[in-house]
Amino acid sequence: MDDLIGRARELYEGSDAAHDFDHVLRVLALVRRIGPAEGANMRLLEVATLLHDIGRAEEARTGADHAQVGARRARQIVRSWGYSAEEAEAIARAIAAHRFRVERPPESVEARVLYDADKLDAIGAVGIGRAFAFAGRQGQRLWTPVPPDATASPAIDQASWSPVIEFAVKLSRLADSLYTETARTIARRRHAFMVAFFRRLEAEVAGEM
């Protein structure tokens, strides 16, 4: 696996701080915790984890769905790494279903564990850090009030977006989207920390604390 980690790392050169190889390694640590408890095939799950965000650069360039791009590329990559066609397809299906907004929910145990681990890295202290790192890269403001229609994210002017709105629109919903009991247990404390942080941030912005 160390050899595959080295090969995968090269595929993430130039990635932004929210989706770089450090993110991949954190997700890998989570799948190694969740996968055995949920009965996942770790040989397939770990490789799917290493490759799950390799489509991000193409998505940034073209707008293509990075999960679908990554799944397509992963099929070819893992075959060159010695995985069978059947294994490559299972890995690709897990990658294709790891997005929060996805038409086809994850069906296999491996796909569900990857989805859950990826979402866990988007909440809690790490999730807050990632949200602000991405906001800085995009030129977003540190804080903005959350509009009444925040759950209808496409209606919000992207120029007024902020990590606070990202929390209201997406991050606050991630814990409820998880599939495995192991991940839901981890998510409870991460979610609570994140809620408390954004409440505190709002209070400090208002000069109340």
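I take contact to mean heavy atoms within 4.5 Å. With that cut-off I went through this predicted model.

**Entry: Trp81 and the core**

I started with Trp81. Leaving aside neighbours within four places in sequence, I find Trp81 in contact with Leu4, Arg7, Ala8, Val47 and Leu51. I then looked up the largest nonpolar core, which has 56 residues. Which of its residues touch the most other members? I noted Leu51, Trp81 and Leu120.

**Entry: H1 against H3**

Leu4 and Ala8 came up again, so to speak, in the packing of two helices: both are among the H1 residues that meet H3. I have H1 as residues 2-9 and H3 as residues 42-51. Their axes are 9 Å apart, and the angle is about 20 degrees. Angles under 35 degrees count as roughly parallel, so H1 is roughly parallel to H3. I logged the crossing of H1 and H3 as right-handed.

Which residues meet here? From H1 I listed Leu4, Ile5 and Ala8. From H3 I listed Val47, Leu50 and Leu51. I sorted the residues of this contact by class: six are nonpolar, none is polar and none is charged.

**Entry: H2 against H7**

Next I turned to H2, residues 21-38, and its packing with H7. The angle is about 135 degrees, and the axes are 8 Å apart. That value falls outside the roughly parallel, perpendicular and antiparallel ranges, so H2 and H7 are oblique to each other. The crossing of H2 and H7 is right-handed.

I wrote down both sides of the contact. H2 brings His23, Val27, Leu30, Val31, Ile34, Gly35 and Glu38. H7 brings Val109, Val113, Leu114, Ala117, Asp118 and Leu120. How does the contact of H2 with H7 divide by class? I have nine nonpolar, two polar and two charged residues.

**Entry: Pro106**

I looked up Pro106 in the loop between H6 (85-96) and H7 (109-120). Is Pro106 buried or exposed? Its relative accessible area is 2%, so Pro106 is buried. Buried means under 20%.

I checked its surroundings too. Not counting residues up to four places away in sequence, Pro106 touches Ala97, Ala111, Arg112, Tyr115 and Tyr179. I also took the spacing to Ala94, which is 12 residues away along the chain. The C-alpha atoms of Pro106 and Ala94 are separated by 6.8 Å.

**Entry: Ala60**

I found Ala60 in helix H4, residues 56-62. Its relative accessibility is 70%. The cut-off for exposed is over 50%, so Ala60 counts as exposed. I paired Ala60 with Trp143, 83 residues apart in sequence. From C-alpha to C-alpha, Ala60 and Trp143 are 24 Å apart in space.

**Entry: Arg200 and Ala203 in H10**

I ended with two residues of helix H10, residues 181-205. Arg200 is placed in this helix, and Ala203 is placed in H10 as well.

How accessible is Arg200? I have 41% relative accessibility, so Arg200 counts as partly exposed. Ala203 has 10% relative accessibility and therefore counts as buried.

I noted one distance for each. Arg200 and Ala18 are 182 residues apart along the chain, and their C-alpha atoms are separated by 23 Å. Ala203 and Lys170 are 33 residues apart in sequence and 21 Å apart in space, C-alpha to C-alpha.

What does Ala203 contact, leaving aside its neighbours within four places in sequence? I recorded Glu208 and Met209.

Key: Residues are numbered from 1 along each chain as its sequence is written. This is a predicted model: local features need pLDDT of at least 70, side-chain atom pairs count only at pLDDT 80 or more; totals for chains, interfaces and linings use all residues. Side-chain values use heavy atoms; hydrogens and water are left out. Axes are lines fitted to C-alpha atoms, for helices over the stretch in contact, and angles run from 0 to 180 degrees between N-to-C directions. Helices (H or I, at least four residues) and strands (E, at least two) are DSSP runs, numbered from the N terminus. Angles under 35 degrees count as roughly parallel, over 145 as roughly antiparallel, 65 to 115 as roughly perpendicular and the rest as oblique. A crossing is left-handed if the near helix is turned anticlockwise from the far one by less than a right angle, and right-handed if clockwise. Ala, Val, Leu, Ile, Met, Phe, Trp, Tyr, Cys and Pro count as nonpolar, Asp, Glu, Lys and Arg as charged, and the others, Gly among them, as polar. A nonpolar core is a set of buried Ala, Val, Leu, Ile, Met, Phe, Trp, Tyr and Cys residues joined through side-chain atoms within 4.5 Å. Buried means under 20% relative accessible area, exposed over 50%, partly exposed in between (1.4 Å probe, protein chains only).
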